[in-house]
Amino acid sequence: MAEEVDVVVIGMGVGGEEVAGRLAQAGLSVVGIESRLVGGECPYYACVPTKMMVRAANLLAEARRVPGMAGQVDVEPDWSPVAARIRDEATDDWDDTVAVRRFEDQGGTFVRGRGRLLGPGRVEVDGGPADGTVYEARRAVVVATGTEPVVPPIDGLRDTSYWTNRDAVQAEEVPERLLVLGGGAIGLELAQVFARFGSRVTVVEAADRLLAVEEPESSALAATALARDGVTAHLGTSAERVQQRGDHFLVALDDGGQVIGDRLLVATGRRAMLSGLGLDSVGLDPHQRWLRTDDRMRAGEKLWAVGDLTGNGAYTHVAFYQADIAVRDILGKGGPSADYRALPRVTFTDPEIGAVGLTEAQARERGLSVRVATYPLPRSARGWIHKAGNDGFVKLVADADRGVLVGATTAGPSGGEMLAGVSVAVHAEVPLDRLGTMIYAYPTFYRAIGDAIRELG
C-alpha cells in the first residue's frame with residue numbers, strides 16, 4: 001500500500017529544499033527525501049565554505065598590498081582559523097540537523113534515503129529507516145538531486161586518494177604542493193586560495209586558456225593574477241596517467257612532461273546525478289546527460305525538476321529561480337516562465353570576474369550584428385584611486401540592430417557586484433541610448449560601465 005501525499009521531493013539540496021519548504025508552508029503534505037545533507041552542495045562544500053576560503057585569502061592579498069600605499073605589514077598565513085570557521089560556522093561540522101528541523105518546522109516530512117521513481121507520481125525510498133516505503137504523490141514529484149564531480153578516465157587516477165572540491169573544503173592544513181586538474185571556476189578559485197596560503201600550485205588545463213567558457217580577456221586576466229600568486233599553469237595539455245607514491249602524486253602529461261604534488265585536486269566539471277532515479281519508469285532516458293524540462297520546469301507527467309541536474313548552470317541562484325517557477329506552477333499560480341538570457345555567473349578569484357548573457361563569440365555564432373566595447377578598470381576614476389589590486393575591465397556585447405546589450409563582463413575588485421547593473425540591462429533589454437543617458441555615481445567602480453557604453457558609440 002502506498003502512502004498518499006500531495007508532493008514528493010527527491011533531493012533536498014538548495015532547489016529541492018526551497019520547493020519542499022514553500023509547498024509545505026502553502027499547506028500541502030510534502031515528503032522530502034535526501035540521503036546526504038539537506039541543503040546540498042552549496043552550504044557544505046561549495047558557495048558558502050569556499051567563499052569563506054576566498055575571503056581569508058583575499059585578506060592576505062590585501063595586507064600584502066599595503067607597502068607603498070599605507071606603511072609596512074608582516075603577513076603570516078594561518079589556515080587553522082579558516083578550517084575552524086568552515087567547520088563551526090558554515091557547516092556545523094557537516095551536520096544537517098538544523099536544516100532538517102527547519103523543513104519539519106515548515107510542515108514537511110523528512111525521510112533519510114534515496115528516492116526512486118516507480119511511475120508517474122510514485123516514489124519508493126531506498127535505504128534508511130523508511131527503506132521500501134512507497135509514496136503516491138497526488139500533485140507532483142520534484143526531482144532535485146543535483147550534480148557530482150566528474151572524475152575523468154585517466155589511467156591510475158581512481159586508484160589514488162585524489163581530492164574533489166569536497167575534500168579541499170574539509171582540509172585541515174595547506175598542502176605544500178597542490179596539483180589541480182581543471183582550469184574552470186572551481187579549480188581556479190581553490191588554486192588561488194591555497195597559493196595565497198603558501199602552497200605551490202600547478203594547474204593543468206586541456207583547453208588553450210583558463211576559464212575557457214568566458215571571454216578571452218577574462219582568461220588573460222585570471223592567468224596574470226594567478227601567475228602573480230605563484231601558480232603555474234600548463235595549458236593545452238591533459239593528464240595521461242596518475243600515480244601515487246606514498247604522500248606524492250605524479251601526473252604524466254600528454255606533452256611528455258610530468259608534474260608532482262602532495263595533493264591532487266580534480267576539478268574537471270560536474271554531471272547530473274540521474275543514476276538509480278528510475279527515469280525509465282516514467283518514459284525518460286536514464287542515460288541522458290541532463291534532466292531536461294520545459295519553461296515551467298516540467299519534465300514529464302506529474303514530474304518537475306529543478307537545480308543543477310537540469311543543465312542550465314550549476315549555480316545556487318539558478319536553483320532558487322527554478323524552484324520559484326516550479327512552486328508557482330504546482331500551486332497553479334502562473335507567472336513568468338523560465339528565461340535564461342540574462343543568466344549571471346561569477347568566478348570568485350581576485351580579481352573577481354562577473355559575466356552575464358552571451359560572450360562576444362557566442363553572439364557572433366548566433367549571427368547577431370555585434371558591437372563590442374572594453375574599458376580597462378585602471379583607467380576609471382575609482383580604479384586609479386584604488387591603485388594596488390585594481391586589475392580588471394568592463395566588456396559590453398551589444399546587438400547593434402536592436403540597440404541592446406546581450407552580454408557583459410565586469411571584472412575587478414567588485415566584479416560580481418558591478419554585474420548587477422548590466423544584468424538588469426540584459427534582462428530588461430534596456431536600450432543603449434537609455435543606458436548612455438544614465439547618471440553613474442562618481443567615483444565608483446561601476447561608473448566604468450558608463451565609460452564602456454560611451455565606447456560603444
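This is a conversation about a predicted model, covering a helix, a sheet, a loop residue and some aromatic rings.

Reader: Let us start with helix 7. How many of its residues are buried?

Author: Of the 12 residues in helix 7, 10 are buried, so the helix is largely enclosed by the rest of the structure.

Reader: Which ones are they?

Author: The buried residues of helix 7 are Gly187, Leu188, Glu189, Leu190, Ala191, Gln192, Val193, Phe194, Ala195 and Arg196.

Reader: What span should helix 7 have, and how far apart are its end C-alpha atoms?

Author: At 1.5 Å a residue, helix 7 (residues 185-196) should span 16 Å. Its end C-alpha atoms are 17 Å apart, which agrees with that expectation.

Reader: What follows helix 7?

Author: Gly198 follows helix 7, and its phi is positive, near 110°.

Reader: Turning to the rings, which residues does the aromatic cluster link?

Author: Ring pairs join Trp79, Trp163, Phe194 and Phe197 into a cluster. Phe194 is also among the buried residues of helix 7.

Reader: How many aromatic pairs are there?

Author: The count comes to 5 aromatic pairs. One of them is formed by Tyr440 and Tyr446, a tilted pair with 6.0 Å centre to centre and 50° between the planes.

Reader: Is Tyr440 buried or exposed?

Author: Tyr440 counts as buried because its relative accessibility is 8%, under the 20% limit. Tyr446, by contrast, is partly exposed, with a relative accessible area of 31%.

Reader: Now the open sheet. What is its strand order?

Author: The sheet has 5 strands in the order 18-19-22-21-20, with antiparallel pairing. Strand 18 (344-347) and strand 20 (370-376) are the edge strands, each pairing on one side only. From one strand to the next, the twist averages 10°.

Reader: How many bridges do strand 21 and strand 22 have?

Author: Strand 21 (residues 393-399) and strand 22 (residues 404-412) pair in the antiparallel sense over 7 bridges. Within this region, Val394 has Thr410 of strand 22 as its bridge partner.

Reader: Which strands does helix 12 lie across?

Author: Helix 12 (residues 415-428) lies across strand 18, strand 19, strand 21 and strand 22. The helix runs at about 175° to strand 22.

Reader: One last topic: where does Thr359 lie?

Author: Thr359 is in the loop between strand 19 (352-357) and helix 10 (360-365). The residue is buried, with a relative accessible area of 6%.

Reader: Which residues does Thr359 touch?

Author: Not counting residues up to four places away in sequence, Thr359 touches Val213, Glu214, Glu215, Arg345 and Val397.

Methods:
Residues are numbered from 1 along each chain as its sequence is written. This is a predicted model: local features need pLDDT of at least 70, side-chain atom pairs count only at pLDDT 80 or more; totals for chains, interfaces and linings use all residues. Side-chain values use heavy atoms; hydrogens and water are left out. Rings of Phe, Tyr and Trp (its six-membered ring) pair if their centres lie within 6.5 Å; planes under 30 degrees apart count as stacked, over 60 as edge-to-face and the rest as tilted. Buried means under 20% relative accessible area, exposed over 50%, partly exposed in between (1.4 Å probe, protein chains only). Helices (H or I, at least four residues) and strands (E, at least two) are DSSP runs, numbered from the N terminus. The expected span of a helix is 1.5 Å times one less than its number of residues. Contact means heavy atoms within 4.5 Å. Two strands pair if DSSP finds at least two bridges between them. Axes are lines fitted to C-alpha atoms, for helices over the stretch in contact, and angles run from 0 to 180 degrees between N-to-C directions.
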